Amino acid sequence: MKSRELKTIHDLIVTNYQKHDLGNGRYLHTFQPATTDTTYEFEANFEDVVIVGERYNIGFTEDNGIKIVDTSCLSKSSVLDKDFSYQYARNMSRQKHDENKGKNDSRVRYDEDDGYYWGRKYAWREFGLALPRDVFEKYLIECASHPYVDCKVVTEGYPLGDDSIAFLEDGLADAIDELIQSAVMVNKGPYFKSPLYYGGEKRFTIKGVPAITDKK
C-alpha cells in the first residue's frame, strides 16, 4: 500500500543525471527537471534507472528539503502507471479537501449518527478520482459491500433535495487502496482486472494522469 503522503510531479524531463558511489555497492542517483535546478535523488544499483531527455511521472517524499524518489512510482509519461495515477489523484483531492468537505457538509443530509458519510459525488471526488465514477460506485456497493445510507442532496434554492446515497468515511480510503493495489493490467492496458472487482470477471479502467479530473 502506497503512502498517501507521497507527492507527485507529472511529465518531468530528466536532465543532469548523475550517479555517486556510496562505497557499499549502492549508488546515489540524482537528476534535475529541465526547467528548474531542483534535485531529486534515490539509492539504487549502478545501472541507469532514468534516461536523460525522457519525460517521467515521479512520486517522491521530502525529508528536510531533500526530494527522495520512490522508484516504485517512477514511470515514463507515455506508460500508464496505476500507482502514480492513484497518488496524483489523491494529491489533487487533498488540495480540494476543504472545498469537497464544505460542500458535503452543507448539501448532504442523512439521519445516521454512527460516523461521517460522504455523498456519492463528493466521496468520488475525495477518494476515487483515479477511477471512473461508475466503477468507483459499483465497486463499493456491489463488490466491497461498503456501508452506505440513503440521503438527500440539497441545492441552494431547492429545499426538498434529491434522493441519493452517502458512503461511510471509515474504511473508504482503504477499500480504494486495496482495489488499486490488487489491480493487474490486461494486455498492456488500458484495462485492469482485480479479484476484488466482480471476482476478476469484469474489466475496469484506471485513468492516466492527463484524464484525471473531478468532473464526471
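The following questions and answers walk through the strands, helices and single residues of a predicted model.

Biologist: Which strands make up the closed barrel, and in what order do they run?
Modeller: The barrel is closed and has five strands, with mixed pairing. From one strand to the next the twist averages 50°. The order is β1-β2-β3-β5-β4.

Biologist: Which residue in β2 is the bridge partner of Val-14?
Modeller: Strand β1 covers residues 7-21 and strand β2 covers residues 27-33. They run antiparallel and are joined by six bridges. For Val-14, the bridge partner in β2 is Pro-33.

Biologist: What angle does the direction of helix α1 make with that of β1?
Modeller: Helix α1 spans residues 82-95 and packs on the sheet. It touches β1, β4 and β5. Its direction and that of β1 make an angle of about 120°.

Biologist: Which residue in β3 is the bridge partner of Leu-28?
Modeller: β2 and β3 form a hairpin, with six residues between them. Their pairing is antiparallel, over five bridges. The partner of Leu-28 in β3 is Glu-43.

Biologist: Which side chains of β3 point to one face and are buried?
Modeller: In a regular strand, side chains alternate between the two faces of the sheet. β3 shows this alternation. Glu-41 and Glu-43 point to one face and are not buried. Pointing to the other face, and buried, are Tyr-40, Phe-42 and Ala-44.

Biologist: In what sense do β3 and β5 pair, parallel or antiparallel?
Modeller: Take Tyr-40 as a marker: its bridge partner in β5 is Lys-67. Two bridges link β3 and β5. The sense is parallel.

Biologist: Is Thr-35 buried or exposed?
Modeller: Thr-35 is found in the loop between β2 and β3. Its relative accessibility is 75%. The cut-off for exposed is over 50%. Thr-35 therefore counts as exposed.

Biologist: How many Å apart in space are Thr-35 and Gly-119?
Modeller: In sequence, Thr-35 and Gly-119 are 84 residues apart. Their separation in space, C-alpha to C-alpha, is 41 Å.

Biologist: Asn-16 has a positive phi in a residue other than glycine. What is the value?
Modeller: Asn-16 is found in strand β1. At 39% relative accessibility, it counts as partly exposed. Its phi is near 50°.

Biologist: Where is Asn-64 found?
Modeller: Asn-64 also has a positive phi, near 55°. It is exposed, with a relative accessible area of 77%. Asn-64 is found in the loop between β4 and β5.

Biologist: Why is helix α5 largely enclosed by the rest of the structure?
Modeller: Helix α5 covers residues 172-182, eleven residues in total. Buried means under 20% relative accessible area. The buried residues include Leu-172, Ile-176, Leu-179 and Ile-180. Helix α5 is largely enclosed because the number of its residues that are buried is eight.

Biologist: Which strands stand at the edges of the open sheet?
Modeller: The open sheet has three strands in the order β10-β11-β12, with antiparallel pairing. Each edge strand has a single partner, so one side of it is left without a neighbour in the sheet. The edge strands are β10 and β12.

Biologist: Which residue of β11 does Val-184 stand opposite?
Modeller: Strand β11 covers residues 191-193. β10 and β11 pair in the antiparallel sense, over three bridges. Opposite Val-184 stands Lys-193.

Key: Residues numbered from 1 in each chain as written. Predicted model: local features only at pLDDT ≥ 70, side-chain atom pairs only at ≥ 80, totals over all residues. Heavy atoms only, no water. Buried < 20%, exposed > 50% of the residue type's maximum accessible area, 1.4 Å probe, protein only. Helix = DSSP H or I, 4+ residues; strand = E, 2+ residues; numbered from the N terminus. Pairing = 2+ DSSP bridges. Axes fitted to C-alpha atoms, helices over the stretch in contact; angles between N-to-C directions. Contact = heavy atoms within 4.5 Å.
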